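Subject: Structure handover

Hello,

Here is the structure for you to look over. My notes on it follow below.

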Amino acid sequence: MTGMAVTVHLPSMLRELADGAAEVTASGETLGELLDDIATRHPTLERRLRDESGVLRRYVNFYVDGEECRRIGGVRAPVGRSTEVMVIPSVAGG
Amino acid sequence: MDVLLAIGTRKGLWLARSRDRREWDVTGPLLPLADVKAVAIDTRRGTPRLLAGALTSHFGPSMVISDDLGRTWSEPDDAPVAFPADTGEALEGVWQLVPGPDSEPEVVYAGVEPSALFRSTDGGRSFSLVRGLWEHPHRTEWFPGGGGKALHTVIPHPQDANRVLVGMSTGGVYQTSDGGGSWTPTNSGIRADFQPDEYPEFGQCVHKVAMDPGEPDRLFLQNHGDLYRSVNGGASWEPISDSLPGDFGFPVATHPHRPGVVYSFPISARTRSPEDGRCGVYRSEDSGDTWTGPGDGLPNEGYYSAVLRDALCTDDADPAGVYFGSRHGEVYASADEGDSWRLLTHHLPDVLCVRAAVVG
């Protein structure tokens with residue numbers, strides 16, 4: 001994996017899948033590569049974020065420096081040295 | 001005797017335990033917010049293993065296991081049920097978890113959405129896609145029913161590990177006799193009233209199938225309209241619901257020990273609820289020729305809920321217990337094979353499945 005370490009902030013309901021951490025660091029040059037990296041250390045967490053075919057979960061939003069990733073390339077959204085990624089469940093359910 | 005009843009709902013799992021099947025200790029919600037369509041109690045090991053399919057709207061499907069009767073749950077690091085990359089598919093949910101035959105104590109089957117069968121040889125920690133069914137030429141012609149395109153019924157033959165029956169909505173019944181390599185549709189006589197050819201080779205909207213454990217060639221099938229019976233292992237089917245108070249239904253269950261005893265929760269096709277608002281579980285002791293019901297203790301008016309395909313079951317005690325849960329969150333239990341019923345719990349979310357077994 002190449003790229004700089006990027007901070008990925010997790011919602012409270014997913015933290016138990018990252019040993020209780022509120023954030024994890026991951027390496028990569030795109031959002032997809034960050035998720036690949038997360039999958040190596042926290043596989044059950046990664047499965048909550050995208051399915052086995054690599055598609056992001058429909059009701060999970062990924063804000064890359066404040067921009068929802070689907071507006072900037074989805075899993076191909078570029079990330080860099082100072083990027084922050086926030087994972088936020090969307091409004092859904094009842 | 002200690003009986004465990006697992007209750008999967010639209011928003012979590014509940015467990016109920018009882019020594020006399022009259023007073024129950026109910027705990028939950030476990031797996032909060034998860035849509036639990038499938039639960040299994042695998043009694044083939046010293047401490048029974050619980051397996052549950054859990055789907056959350058945000059975070060997708062998963063499958064979890066408990067080896068301490070529900071106190072703790074774990075999910076394997078590697079996705080237990082996942083489509084291989086070459087299929088291009090992704091798991092949408094686990095609809096059925098079924099232990100294999102006694103001769104294969106580590107085999108567990110999973111029926112999933114989109115319609116596919118998975119098989120585990122390590123007690124349910126990891127599963128492999130059954131390619132023979134996935135690559136069946138009919139697969140592209142199976143389409144979703146109202147609940148999704150799912151393989152919701154798996155019945156391993158109790159004496160022949162190479163024989164397995166599956167049921168799909170839609171698709172119908174398929175069977176293998178070579179361990180999953182090849183599959184044959186076995187729907188002769190089952191009506192599909194939602195298409196011009198009402199008796200097709202396949203494509204029926206089968207809701208549930210149950211096998212008579214003492215006589216495995218005798219099968220019962222709740223279809224999208226009418227209840228059916230086969231006495232030849234599914235080679236042909238005949239309707240048996242003429243005397244039932246309802247021409248529709250979702251579940252069907254068989255007695256664990258007594259051949260020919262079968263349970264139905266008939267409803268009206270027009271309202272998708274019991275005729276005249278009268279809740280009833282009907283029992284036949286002659287393989288569906290005649291029926292008795294509705295059972296003492298059930299609401300006899302104003303009941304307009306339904307019981308879904310996996311929300312009626314028996315336990316393995318003697319006499320057998322019978323259980324059902326409704327879409328409005330009531331669970332009823334009978335400790336006397338369905339003669340009389342008591343409300344076990346209520347005010348739960350929609351009940352999607354129930355499974356019961358003696359666990360101690």
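Over how many bridges do strand β5 of chain B and β6(B) pair, and in which sense? Strand β5 (residues 49-56) of chain B and β6(B) pair over seven bridges, in the antiparallel sense. Strands here are DSSP runs of E, at least two residues long, and helices are runs of H or I, at least four residues long, both numbered from the N terminus. Two strands pair if DSSP finds at least two bridges between them.

Before the rest, the ground rules. This is a predicted model, in which local features need pLDDT of at least 70, side-chain atom pairs count only at pLDDT 80 or more, and totals for chains, interfaces and linings use all residues. Residues are numbered from 1 along each chain as its sequence is written, while chains are lettered from A and ligands numbered from 1 in the order in which they are written.

Confidence
The mean pLDDT of chain B is 97, and 100% of its residues reach 70 or more. pLDDT is the predictor's confidence in each residue, from 0 to 100. For the complex, the predictor gives an ipTM of 0.91 and a pTM of 0.96.

Chain B overall
Chain B holds one helix and 26 strands. Its C-alpha trace spans about 55 × 50 × 40 Å along the principal axes. The radius of gyration of chain B is 19 Å, which agrees with the value near 21 Å for a compact globule of 360 residues. That radius is taken over C-alpha atoms, and the globule rule is 2.2 Å times the number of residues to the power 0.38. Of the 360 residues, 54% count as buried. Buried means 20 or more other C-beta atoms within 10 Å of a residue's own, exposed means 12 or fewer, and partly exposed is in between; C-beta atoms are placed from the backbone.

The β4-β5-β6 sheet
Back to β5. The order β4-β5-β6 (chain B) makes an open sheet of three strands with antiparallel pairing. β4 (35-42) and β6 (60-66) of chain B are the edge strands, each pairing on one side only. Within the β5 and β6 pairing, look for L51(B): it stands opposite I65(B) in β6(B).

Three residues to inspect
W14(B) lies in strand β2 (residues 12-18) of chain B. W14(B) is buried because 26 other C-beta atoms lie within 10 Å. Leaving out residues up to four places away in sequence, W14(B) touches residues including I7(B), V26(B) and L348(B). Contact means C-beta atoms, placed from the backbone, within 7 Å.

W142(B) sits in the loop between α1 (131-134) and β11 (150-156) of chain B. W142(B) is also buried, with 21 other C-beta atoms within 10 Å. From C-alpha to C-alpha, W142(B) and S169(B) are 7.8 Å apart, with their positions 27 residues apart in sequence.

P319(B) is in the loop between β22 (312-314) and β23 (322-325) of chain B. P319(B) counts as partly exposed, as it has 16 C-beta neighbours inside 10 Å. Not counting residues up to four places away in sequence, P319(B) touches D336(B) and E337(B).

The interface
The contact takes 14 residues from chain A and 15 residues from chain B. On the chain A side, helix α2 (residues 43-49) gives the largest share, four residues. By class, that side has six nonpolar, three polar and five charged residues. Nonpolar covers Ala, Val, Leu, Ile, Met, Phe, Trp, Tyr, Cys and Pro; charged covers Asp, Glu, Lys and Arg; the others, Gly among them, are polar.

Best wishes

Note on methods. Two residues are in contact if their C-beta atoms, placed from the backbone, lie within 7 Å.
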